[in-house]
Amino acid sequence: MNLTLKVWRQDGPNDAGHFETYQASDVKDEMSFLEMLDVVNENLIEAGHEPITFDSDCREGICGTCGLMINGQAHGPQKGTATCQLHMRKFRDGETVTIEPFRAAAFPVIRDLMVDRSAFDAIIESGGFISADTGAAQDANEMLIPKPAVDTAMDAAACIGCGACVAACPNGAGQLFTSAKLAHLNLLPQGQAERWKRTEDMVETMEAFFGSCTNYGECQEACPKEIPIDFIALMNRDFLKSKLKNRKLLGQQV
């Protein structure tokens with residue numbers, strides 16, 4: 001398979017970017033998209049040119065570092081699939097493929113296809129953890145939890161923090177990511193002690209970086225883990241409650 005690649009090249013966050021055209025030859029169907037880029041980079045290095053910068057780590061759809069706009073779609077044409085799991089059999093011989101970084105105000109381009117997603121880190125740092133000691137694995141397993149709550153919390157925990165939801169959202173909103181991170185803690189008994197403080201802190205940190213959610217639903221469609229927007233409704237409900245409960249905890253009238 002031979003492809004024409006139009007790749008976004010940008011030297012740094014303050015530099016103007018542009019598209020460069022490359023030919024990818026003898027691309028095998030079984031290659032992943034990132035392996036195809038690896039081959040392109042090997043050819044660029046051999047020719048004495050700068051390789052294309054892009055993020056990747058586990059290449060198993062777990063770490064969430066690989067995130068690209070491929071022909072205008074976050075992670076490309078296959079639904080429920082991260083870029084590292086996307087195979088070249090999804091493309092046609094002779095096709096032109098446009099590759100860009102995730103586009104969002106909260107994700108500035110570092111170089112070429114790599115963006116800075118530290119805004120997500122700030123949300124997690126503001127409350128995305130449980131500080132209570134839950135004991136060893138054996139102790140934790142003694143706490144009985146209804147299966148529907150476990151299943152829903154597990155669905156939320158599938159979020160890999162890739163940022164496709166933000167890149168696909170016309171508002172650049174981070175609601176799906178934040179709501180998933182909140183749900184996988186707030187639905188479990190271990191997460192109850194800090195539930196309301198966590199919710200208020202994480203939502204307000206999110207608001208400092210991202211745009212508003214206006215229910216386009218593009219985030220759900222782009223998510224490689226197919227996390228539903230139902231979690232956004234849960235987050236909004238908990239945020240409203242947190243504004244009342246946190247004031248009561250401080251002894252204030254509400």
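N215 is an exposed residue, with a relative accessible area of 64%; exposed here means over 50%, so N215 makes the cut. Keep in mind that what you're looking at is a predicted model. You'll find N215 in the loop between α7 and α8. Most residues other than glycine have a negative phi. N215 goes the other way: its phi is positive although it is not a glycine. D26 also has a positive phi without being glycine. Here are the two side by side:

| Residue | Phi | Where it sits |
|---|---|---|
| N215 | about 60° | loop between α7 and α8 |
| D26 | near 55° | loop between β2 and α1 (33-46) |

Now for the sheet. Five strands make an open sheet with mixed pairing, and if you walk across it the order is β2-β1-β5-β3-β4. At the edges are β2 (18-24) and β4 (73-74), each pairing on one side only. Strand β1 (residues 3-9) runs antiparallel to β2, and 7 bridges join them. One pairing to look for is R9 with its bridge partner H18 in β2.

What about the inside? The largest nonpolar core has 35 residues, and F102, F107 and F210 touch the most other members. Several helices give two or more residues to this core, including α2 (118-125), α7 (195-209) and α9 (230-249). The largest share, 5 residues, comes from α6.

Which residues does F107 touch, leaving out those up to four places away in sequence? Its contacts are F102, V115, D116, R117, F120, G163, V166 and F210. Apart from the largest core lies another one, of 28 residues, with M1, A24, I70 and L86 among them.

Notes: Residues are numbered from 1 along each chain as its sequence is written. This is a predicted model: local features need pLDDT of at least 70, side-chain atom pairs count only at pLDDT 80 or more; totals for chains, interfaces and linings use all residues. Side-chain values use heavy atoms; hydrogens and water are left out. Two strands pair if DSSP finds at least two bridges between them. Helices (H or I, at least four residues) and strands (E, at least two) are DSSP runs, numbered from the N terminus. A nonpolar core is a set of buried Ala, Val, Leu, Ile, Met, Phe, Trp, Tyr and Cys residues joined through side-chain atoms within 4.5 Å. Buried means under 20% relative accessible area, exposed over 50%, partly exposed in between (1.4 Å probe, protein chains only). Contact means heavy atoms within 4.5 Å.
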